[in-house]
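Here is a short, friendly tour of the model shown below. We start with the cysteines and then move on to a buried arginine and the nonpolar core.

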Amino acid sequence: MFTIIIPTHDRPLLLKRTLESLIAQTCQDFKIVVVSDTPGYLPPYQELSQLDKRFDYVLRSTGVPGPAASRNLGLAIADAEYILFLDDDDTYRPDHLEKLKARLLKDKPELLFHDFQIQNEDRTVYPPTLLPGGQKVSIADVTSDSVYVRNRIPNSCVAYRRDVLQGVRNETDLIIYEDWDFLLAALHGRKLVHFATDGVVIHKSAATAPENMRRGNSRDDKIVEVMLQLYRKHPAPNMETRKTRQALMASAGVVLDIANF
(Lines give C-alpha, C1' and ligand atoms only; values in the text may rest on other atoms or scores of the structure.)
Protein backbone atom coordinates (compact mmCIF):
# COMPACT_ATOMS: atom_id res chain seq x y z
CA MET A 1 0.00 0.00 0.00
CA PHE A 2 2.77 2.47 0.94
CA THR A 3 6.32 3.33 0.03
CA ILE A 4 7.74 5.57 2.74
CA ILE A 5 10.72 7.67 1.60
CA ILE A 6 13.08 8.84 4.35
CA PRO A 7 15.99 11.13 3.43
CA THR A 8 18.64 11.23 6.15
CA HIS A 9 21.82 13.16 6.90
CA ASP A 10 24.10 12.11 9.77
CA ARG A 11 21.40 11.69 12.45
CA PRO A 12 21.66 7.96 13.27
CA LEU A 13 19.97 8.06 16.68
CA LEU A 14 17.01 10.10 15.44
CA LEU A 15 16.69 7.83 12.41
CA LYS A 16 16.58 4.81 14.73
CA ARG A 17 13.64 6.39 16.54
CA THR A 18 11.86 7.00 13.24
CA LEU A 19 12.36 3.39 12.17
CA GLU A 20 11.17 2.14 15.57
CA SER A 21 7.90 4.00 15.02
CA LEU A 22 7.48 2.14 11.72
CA ILE A 23 8.27 -1.22 13.29
CA ALA A 24 5.52 -0.50 15.85
CA GLN A 25 2.82 0.16 13.21
CA THR A 26 -0.36 -1.90 13.51
CA CYS A 27 -0.46 -1.86 9.69
CA GLN A 28 2.68 -3.33 8.14
CA ASP A 29 1.59 -2.96 4.51
CA PHE A 30 4.56 -0.79 3.56
CA LYS A 31 8.10 -0.71 2.27
CA ILE A 32 10.63 1.97 3.20
CA VAL A 33 13.36 3.64 1.18
CA VAL A 34 16.03 5.31 3.29
CA VAL A 35 18.43 7.53 1.34
CA SER A 36 21.53 8.84 3.13
CA ASP A 37 23.71 11.57 1.64
CA THR A 38 26.41 11.08 4.30
CA PRO A 39 29.44 9.17 2.88
CA GLY A 40 30.45 6.21 5.02
CA TYR A 41 27.22 6.30 7.00
CA LEU A 42 26.41 2.90 8.53
CA PRO A 43 22.82 1.66 8.29
CA PRO A 44 20.88 0.97 11.53
CA TYR A 45 21.06 -2.80 11.05
CA GLN A 46 19.08 -3.79 14.15
CA GLU A 47 16.02 -1.75 13.19
CA LEU A 48 16.16 -2.60 9.50
CA SER A 49 16.38 -6.32 10.29
CA GLN A 50 12.96 -6.10 11.96
CA LEU A 51 11.35 -4.88 8.73
CA ASP A 52 11.61 -8.34 7.14
CA LYS A 53 13.50 -7.18 4.02
CA ARG A 54 10.85 -4.56 3.22
CA PHE A 55 13.38 -1.80 2.76
CA ASP A 56 15.99 -0.28 0.48
CA TYR A 57 18.88 1.54 2.13
CA VAL A 58 20.79 3.73 -0.31
CA LEU A 59 24.08 5.53 0.32
CA ARG A 60 24.01 8.48 -2.08
CA SER A 61 27.49 9.73 -2.94
CA THR A 62 26.62 11.86 -5.97
CA GLY A 63 24.30 14.75 -6.72
CA VAL A 64 23.37 17.85 -4.76
CA PRO A 65 23.48 17.48 -0.94
CA GLY A 66 20.17 17.79 0.83
CA PRO A 67 16.77 16.10 1.05
CA ALA A 68 15.48 17.02 -2.42
CA ALA A 69 17.92 14.84 -4.36
CA SER A 70 17.51 12.05 -1.81
CA ARG A 71 13.73 12.15 -2.16
CA ASN A 72 14.08 11.98 -5.93
CA LEU A 73 16.21 8.87 -5.64
CA GLY A 74 13.58 7.38 -3.35
CA LEU A 75 10.88 8.19 -5.90
CA ALA A 76 12.83 6.32 -8.56
CA ILE A 77 12.61 3.20 -6.38
CA ALA A 78 9.08 3.62 -5.00
CA ASP A 79 6.52 1.18 -6.41
CA ALA A 80 3.59 1.16 -3.98
CA GLU A 81 0.10 2.49 -4.58
CA TYR A 82 0.74 5.52 -2.35
CA ILE A 83 3.94 7.44 -1.69
CA LEU A 84 4.68 9.02 1.71
CA PHE A 85 7.62 11.18 2.77
CA LEU A 86 8.91 11.09 6.34
CA ASP A 87 11.76 13.15 7.78
CA ASP A 88 14.43 11.29 9.71
CA ASP A 89 13.56 13.02 12.99
CA ASP A 90 9.78 12.54 12.89
CA THR A 91 7.60 9.59 13.86
CA TYR A 92 4.22 7.92 13.37
CA ARG A 93 1.79 7.01 16.13
CA PRO A 94 1.31 3.21 16.13
CA ASP A 95 -2.08 3.26 14.38
CA HIS A 96 -1.26 5.95 11.83
CA LEU A 97 -0.84 3.77 8.75
CA GLU A 98 -3.82 1.61 9.70
CA LYS A 99 -6.09 4.66 9.78
CA LEU A 100 -4.55 6.12 6.64
CA LYS A 101 -4.96 2.90 4.66
CA ALA A 102 -8.62 2.52 5.67
CA ARG A 103 -9.35 6.07 4.51
CA LEU A 104 -7.46 5.76 1.23
CA LEU A 105 -9.18 2.52 0.28
CA LYS A 106 -12.60 4.21 0.44
CA ASP A 107 -12.21 6.21 -2.77
CA LYS A 108 -8.46 6.25 -3.49
CA PRO A 109 -7.99 10.06 -3.59
CA GLU A 110 -5.17 11.55 -5.65
CA LEU A 111 -3.78 13.68 -2.82
CA LEU A 112 -4.77 13.22 0.79
CA PHE A 113 -3.46 15.51 3.54
CA HIS A 114 -4.02 15.32 7.27
CA ASP A 115 -3.40 16.95 10.63
CA PHE A 116 -0.37 16.38 12.85
CA GLN A 117 1.12 16.74 16.31
CA ILE A 118 4.12 18.79 17.42
CA GLN A 119 6.43 17.50 20.15
CA ASN A 120 9.10 19.83 21.51
CA GLU A 121 12.26 18.17 22.78
CA ASP A 122 15.83 18.66 23.95
CA ARG A 123 18.22 16.71 21.71
CA THR A 124 21.37 17.26 23.74
CA VAL A 125 20.66 13.86 25.32
CA TYR A 126 19.40 10.56 23.94
CA PRO A 127 16.68 9.66 24.00
CA PRO A 128 15.62 13.30 23.65
CA THR A 129 13.96 14.85 26.70
CA LEU A 130 10.37 15.87 26.05
CA LEU A 131 9.63 19.55 26.66
CA PRO A 132 6.33 21.34 27.31
CA GLY A 133 4.55 23.14 24.53
CA GLY A 134 3.53 20.25 22.29
CA GLN A 135 0.22 20.53 20.52
CA LYS A 136 -2.20 18.96 18.10
CA VAL A 137 -2.49 20.97 14.90
CA SER A 138 -5.52 20.89 12.62
CA ILE A 139 -5.07 22.12 9.06
CA ALA A 140 -8.61 21.25 7.98
CA ASP A 141 -9.10 24.79 6.68
CA VAL A 142 -6.35 24.39 4.05
CA THR A 143 -7.68 24.45 0.47
CA SER A 144 -6.08 23.93 -2.91
CA ASP A 145 -6.25 27.67 -3.52
CA SER A 146 -4.59 28.48 -0.20
CA VAL A 147 -1.65 26.18 -1.03
CA TYR A 148 -1.00 28.41 -4.05
CA VAL A 149 -0.52 31.33 -1.62
CA ARG A 150 1.48 29.68 1.18
CA ASN A 151 1.96 26.14 2.37
CA ARG A 152 0.87 24.95 5.81
CA ILE A 153 0.94 21.23 5.02
CA PRO A 154 4.07 19.47 6.33
CA ASN A 155 5.77 17.24 3.80
CA SER A 156 5.12 14.20 5.99
CA CYS A 157 1.36 14.85 6.03
CA VAL A 158 0.52 14.12 2.39
CA ALA A 159 -0.28 10.76 0.80
CA TYR A 160 0.40 10.90 -2.95
CA ARG A 161 -1.24 8.34 -5.22
CA ARG A 162 1.71 7.10 -7.27
CA ASP A 163 0.24 7.91 -10.69
CA VAL A 164 -0.08 11.57 -9.63
CA LEU A 165 3.72 11.79 -9.35
CA GLN A 166 4.49 10.81 -12.93
CA GLY A 167 7.10 13.35 -14.01
CA VAL A 168 7.03 15.21 -10.66
CA ARG A 169 10.37 15.59 -8.91
CA ASN A 170 11.87 17.70 -6.13
CA GLU A 171 13.72 20.80 -7.35
CA THR A 172 17.30 20.41 -6.17
CA ASP A 173 18.42 24.00 -6.77
CA LEU A 174 15.83 25.69 -4.56
CA ILE A 175 17.32 27.25 -1.42
CA ILE A 176 14.15 26.61 0.60
CA TYR A 177 10.56 25.46 0.03
CA GLU A 178 11.38 22.51 -2.26
CA ASP A 179 8.59 20.54 -0.54
CA TRP A 180 6.07 23.31 -1.32
CA ASP A 181 7.23 23.40 -4.94
CA PHE A 182 6.81 19.61 -5.13
CA LEU A 183 3.28 19.77 -3.71
CA LEU A 184 2.27 22.49 -6.16
CA ALA A 185 3.62 20.47 -9.09
CA ALA A 186 1.64 17.42 -7.97
CA LEU A 187 -1.47 19.49 -7.22
CA HIS A 188 -1.82 20.99 -10.71
CA GLY A 189 -5.24 19.91 -11.96
CA ARG A 190 -5.72 17.54 -9.02
CA LYS A 191 -8.07 17.38 -6.04
CA LEU A 192 -6.72 17.86 -2.52
CA VAL A 193 -8.65 15.98 0.19
CA HIS A 194 -8.39 16.44 3.97
CA PHE A 195 -8.47 13.57 6.48
CA ALA A 196 -8.99 14.35 10.18
CA THR A 197 -6.23 12.25 11.71
CA ASP A 198 -3.05 13.40 13.46
CA GLY A 199 -0.83 10.31 13.62
CA VAL A 200 2.30 12.09 12.36
CA VAL A 201 4.43 13.55 15.15
CA ILE A 202 6.76 16.37 14.11
CA HIS A 203 9.58 16.57 16.65
CA LYS A 204 11.10 20.02 17.18
CA SER A 205 14.12 21.19 19.11
CA ALA A 206 14.95 24.78 20.05
CA ALA A 207 15.26 27.07 17.04
CA THR A 208 18.78 28.02 18.11
CA ALA A 209 19.96 24.41 18.55
CA PRO A 210 22.96 23.49 16.34
CA GLU A 211 20.96 20.95 14.33
CA ASN A 212 18.55 23.69 13.28
CA MET A 213 21.24 25.98 11.89
CA ARG A 214 20.87 24.32 8.53
CA ARG A 215 19.98 25.38 5.02
CA GLY A 216 16.26 26.01 5.42
CA ASN A 217 16.34 27.26 8.99
CA SER A 218 18.85 30.05 8.45
CA ARG A 219 17.70 31.53 5.14
CA ASP A 220 14.91 33.83 6.22
CA ASP A 221 16.45 36.44 3.93
CA LYS A 222 15.44 34.30 0.95
CA ILE A 223 11.77 33.75 1.83
CA VAL A 224 10.28 36.52 -0.32
CA GLU A 225 12.63 35.82 -3.23
CA VAL A 226 11.76 32.12 -3.35
CA MET A 227 8.03 32.72 -2.84
CA LEU A 228 7.98 35.03 -5.85
CA GLN A 229 9.93 32.42 -7.80
CA LEU A 230 7.30 29.80 -6.97
CA TYR A 231 4.48 32.21 -7.79
CA ARG A 232 5.96 32.63 -11.28
CA LYS A 233 6.50 28.90 -11.71
CA HIS A 234 3.04 27.89 -10.49
CA PRO A 235 0.44 30.41 -11.79
CA ALA A 236 -2.51 31.05 -9.50
CA PRO A 237 -5.64 29.13 -10.53
CA ASN A 238 -7.92 32.18 -10.34
CA MET A 239 -7.96 35.95 -9.84
CA GLU A 240 -8.94 35.73 -6.18
CA THR A 241 -5.83 33.69 -5.42
CA ARG A 242 -3.69 36.16 -7.38
CA LYS A 243 -5.06 39.00 -5.27
CA THR A 244 -4.39 37.04 -2.07
CA ARG A 245 -0.79 36.48 -3.16
CA GLN A 246 -0.43 40.17 -3.90
CA ALA A 247 -1.87 41.14 -0.50
CA LEU A 248 0.47 38.74 1.32
CA MET A 249 3.52 40.23 -0.38
CA ALA A 250 2.26 43.74 0.34
CA SER A 251 1.99 42.85 4.04
CA ALA A 252 5.71 42.04 3.88
CA GLY A 253 6.47 45.40 2.27
CA VAL A 254 6.73 44.07 -1.29
CA VAL A 255 4.30 46.00 -3.48
CA LEU A 256 3.99 44.61 -7.00
CA ASP A 257 1.48 44.83 -9.82
CA ILE A 258 -1.10 42.04 -10.05
CA ALA A 259 0.63 40.88 -13.26
CA ASN A 260 3.40 39.43 -11.09
CA PHE A 261 1.02 36.98 -9.40
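A disulfide is counted when two cysteine sulfur atoms lie within 2.5 Å of each other. In this predicted model, the count by that rule is zero. Why does Cys27 form no such bond? Its sulfur is 17 Å from the closest cysteine sulfur, in Cys157, which is too far for a bond. Looking from the other end, Cys157 is in no disulfide either, with the sulfur of Cys27 as its nearest cysteine sulfur, 17 Å away.

The two cysteines are listed here with a buried arginine, which is described next.

| Residue | Relative accessibility | Class |
|---|---|---|
| Cys27 | 8% | buried |
| Cys157 | 0% | buried |
| Arg11 | 13% | buried |

Where is Arg11 found? Arg11 sits in the loop between strand E1 (2-8) and helix H1 (12-23). Arg11 counts as buried because its relative accessible area, 13%, is under the 20% cut-off. The side chain of Arg11 also makes a polar contact with the side chain of Asp88, at 2.5 Å.

Now for the core. In soluble globular proteins, nonpolar side chains tend to be buried together. Here, the largest nonpolar core has 67 residues, and Phe2, Ile4, Ile153 and Tyr160 have the most contacts inside it. Helix H6 (residues 178-187) supplies the largest share of this core, six residues.

Which residues does Phe2 touch, leaving out those up to four places away in sequence? The list includes Asp29, Phe30 and Lys31, along with Ala80, Tyr82 and Leu84. Phe2 also touches Leu97, Leu100, Lys101 and Leu104.

Definitions and conventions: Residues are numbered from 1 along each chain as its sequence is written. This is a predicted model: local features need pLDDT of at least 70, side-chain atom pairs count only at pLDDT 80 or more; totals for chains, interfaces and linings use all residues. Side-chain values use heavy atoms; hydrogens and water are left out. A nonpolar core is a set of buried Ala, Val, Leu, Ile, Met, Phe, Trp, Tyr and Cys residues joined through side-chain atoms within 4.5 Å. Buried means under 20% relative accessible area, exposed over 50%, partly exposed in between (1.4 Å probe, protein chains only). Helices (H or I, at least four residues) and strands (E, at least two) are DSSP runs, numbered from the N terminus. Contact means heavy atoms within 4.5 Å. A polar contact is a pair of N or O atoms within 3.5 Å; within protein, one must be able to donate a hydrogen and the other to accept it, and residues adjacent in sequence count only if both atoms are side-chain atoms.
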